[in-house]
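I opened this structure to look up a few local features and write down what I found. The entries below follow the order in which I checked them.

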Amino acid sequence: MYTSSDAECRYAAEWASTKLRWQLTADDRELEALKVYADGPCEDTIVRYTPAA
């Protein structure tokens with residue numbers, strides 16, 4: 001069963017993987033939001049992505 005933290009971590013990981021896959025930039029507010037998740041409830045979440053061709 002998923003908790004709200006699980007869903008938030010999955011969302012943050014998919015957000016980060018999309019940015020990485022497509023080499024998209026992130027502004028300061030996005031980076032700060034991602035750091036909050038990475039340093040907090042999602043610290044054990046692994047972000048996987050395949051670079052776009």
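I began with disulfides, bearing in mind that the model is predicted. I took two cysteine sulfur atoms within 2.5 Å as a disulfide, and the count came to one. The pair is Cys 9 and Cys 42, with their sulfur atoms 2.0 Å apart. I noted -90° about the S-S bond, so the link of Cys 9 and Cys 42 is left-handed. Cys 9 lies in helix α1 and Cys 42 in the segment after α2, so the disulfide ties together parts that are 33 residues apart in sequence. I then asked whether Cys 9 and Cys 42 are buried or exposed. I found that Cys 9 and Cys 42 are both buried.

Next I looked at Ser 17, which is found in helix α1, residues 4-21. I read a relative accessible area of 13% for Ser 17. The cut-off for buried is under 20%, so I put Ser 17 down as buried. Which residues does Ser 17 touch, leaving out those up to four places away in sequence? I listed Val 47, Arg 48 and Tyr 49.

Last, I turned to helix α2, residues 28-39. I checked its span: at 1.5 Å a residue, the twelve residues should span 16 Å, because the rule multiplies by one less than the number of residues. The end C-alpha atoms of α2 are 16 Å apart, which agrees. At the N-terminal end of α2 I found a cap, Asp 27. A side-chain oxygen of Asp 27 lies 3.2 Å from the backbone nitrogen of Arg 29.

Terms used: Residues numbered from 1 in each chain as written. Predicted model: local features only at pLDDT ≥ 70, side-chain atom pairs only at ≥ 80, totals over all residues. Heavy atoms only, no water. Helix = DSSP H or I, 4+ residues; strand = E, 2+ residues; numbered from the N terminus. Buried < 20%, exposed > 50% of the residue type's maximum accessible area, 1.4 Å probe, protein only. Contact = heavy atoms within 4.5 Å. Polar contact = N/O pair within 3.5 Å; in protein donor to acceptor, adjacent residues only side chain to side chain.
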